[in-house]
Amino acid sequence: MSFTIAGERSDDHGFARGTALPSLRGLRCVRCGTRSSLRADTEGCRRCRAEGVPSALLAEHELSGTDGRLLAERWSRRRDGMWSYRELLPVPAERAVTLREGATPLVALPAPGEGDLPETLVKDERRNPTGSFKDRFYSAAISWAAWQGTRTVALASSGNAAVSAAAYSAAAGLDCVVVATPDIGAVWRDLVELHGGRMLYAVDAAERWDILRREAGEKGWSVLTNTSAVPVSSLWAGVEGYKTLAHEIVEELGDAPDAVSFPVSRGDGFAGMWAGFRELFELGLIGALPRMIAAERYPSLSTALRAGLELPPEQPVDPESLASSIGNPQATVMSLRVLRESGGTAVACSEEELRAATRTLAHSGLAAERSSAASLVAVERLCRSGELSGRDRVVQVLTSHAAHQPSALPGNS
């Protein structure tokens, strides 16, 4: 394990605690473009919230004049996992809280049957330290929080984020509070407590936001996740960590894929990955941007695209669904903007399709949490409709391991 924590002195590059990296210009609203200085809350753009369309503030980097090829050469020589791409992350590498997350492989998925099928590669995020893609977020977010002098971080979670936050908080020596509903899986709950995290329980998912805002306000906790009934995003600094998904894919393939399929609930990882591709394009390191595909459990994004809406609508939920990691009934403006900017699409997945896709992945040696299989459902659906073909190279992101959710294993579901 390797980690460093911010102190009062400047580091070797002259960064004092709490100052921004040279390339980091500030935050920018994904909807209206309003710029903001760096903030530690997750309320999003105040102007858009006043207009009734709560929208995320994400980091904006100054890349003009940057030699992309020189940067790529540096990245390729490093063996620091996610922090190999330190120049575009929100904290100096010397201040990183890291468990060697990232550097996950692309695994070829055998094409089922015959026909004009795309080349499909799985970005296997199960291989991160706590078994999910959330480690990218929490390495960056906990690094930022520690750099700012935070002692306690708090979040709302249905599972994977809770474990990751507790693990990285433990590595950083921070206290971690997780607000969850009583039906959170026992494995996730027990792992949080094993890492020294503390659980608080809300009556339902909506009450989690009230508890987070109230307790954090009273006790001075740093909140890392969404706190709004109409979802916005998690802390911008953590979303920055997800950019490295794009960096690793491009480094391995030599260019961007034609399409990326990603399980989406609020879409922090989806938006972060898209930000990574956009930065690589601006740096001249990829020739074109990929089409982004949101694999969702409920058709919030699908409905917004079809109806031309600015705000994805809330959808009815299935209380028996085992796809809890993508179980949010309402998607974000942030994810909708990714789809529109990339020319992408959303695919709503049924419980039956997710169950079948989980079996398909397992028969290829990839044991995935039920929600993770959504990326395969989306690819299969778009292949059948002809929207993806043998001319395409597609990456589907596998977000977490089946071991996290024993209730979805055969004999339990």
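In the predicted model, Ala259 has Val394 of strand S15 as its bridge partner. Strand S12, which spans residues 259-263, runs parallel to S15. Three bridges join the two strands. Strand S15 covers residues 393-398. S15 also pairs with strand S7, residues 119-124. That pairing is parallel too and extends over six bridges. Here Thr120 is the residue whose bridge partner in S15 is Val394. Val394 is thus named in both pairings, with Ala259 from one strand and with Thr120 from another. S15 is mostly covered. Five of its six residues are buried.

A second parallel arrangement is an open sheet of four strands. Its order is S10-S9-S8-S11. Strand S10 (198-201) and strand S11 (222-223) stand at the edges. Each has a single partner strand, so one side of each is left without a neighbour in the sheet. S10 is joined to strand S9, residues 175-180, by four bridges. Within this parallel pair, Val178 stands opposite Met199 of S10.

Antiparallel pairing is found around strand S2, residues 24-29. S2 pairs with strand S4, residues 57-61, over five bridges. S2 is also joined to strand S3, residues 35-36, by two bridges, again in the antiparallel sense. Arg28 takes part on both sides. Its bridge partner in S4 is Leu58, and in S3 it stands opposite Arg35. S2 and S3 form a hairpin. Five residues lie between the two strands. Gly33, in the turn, has a positive phi of about 85°.

The largest nonpolar core holds 88 residues. Tyr138, Ile142, Met273 and Phe277 touch the most other members. Apart from this core lies another, of 25 residues. Its members include Ala357, Leu376, Val377 and Leu398. For Phe277, contacts were listed without neighbours within four places in sequence. They are Ala246, Val250, Ala256, Pro257, Val260, Ile286, Leu289, Pro290 and Met292.

Two helix residues were examined individually. Arg208 lies in helix H6, residues 205-219. The residue is buried yet has no salt bridge. The nearest side chain of opposite charge belongs to Asp204, 7.4 Å away. A salt bridge would require a side-chain nitrogen within 4 Å of a carboxyl oxygen. Beyond four places in sequence, Arg208 is in contact with Ala156, Ser157, Ser158, Val179, Ala180, Thr181 and Ala202. Val179 and Ala180, both among these contacts, fall within the range of strand S9, residues 175-180.

Ala172 is found in helix H4, residues 160-172. At 8% relative accessibility, Ala172 counts as buried, because the cut-off is under 20%. Val97 is 75 residues away from Ala172 in sequence. In space, the two C-alpha atoms are 6.2 Å apart.

Confidence varies along the chain. The average pLDDT is 91, and 92% of the residues score at least 70. Over residues 1-18, pLDDT stays under 50. For this stretch the model has 46 contacts beyond four places in sequence. Where pLDDT is low, predicted coordinates should not be read in detail.

Terms used: Residues numbered from 1 in each chain as written. Predicted model: local features only at pLDDT ≥ 70, side-chain atom pairs only at ≥ 80, totals over all residues. Heavy atoms only, no water. Pairing = 2+ DSSP bridges. Buried < 20%, exposed > 50% of the residue type's maximum accessible area, 1.4 Å probe, protein only. Lys, Arg positive; Asp, Glu negative; His and termini not counted. Contact = heavy atoms within 4.5 Å. pLDDT = per-residue confidence, 0-100. Core = buried A, V, L, I, M, F, W, Y, C linked by side-chain atoms within 4.5 Å.
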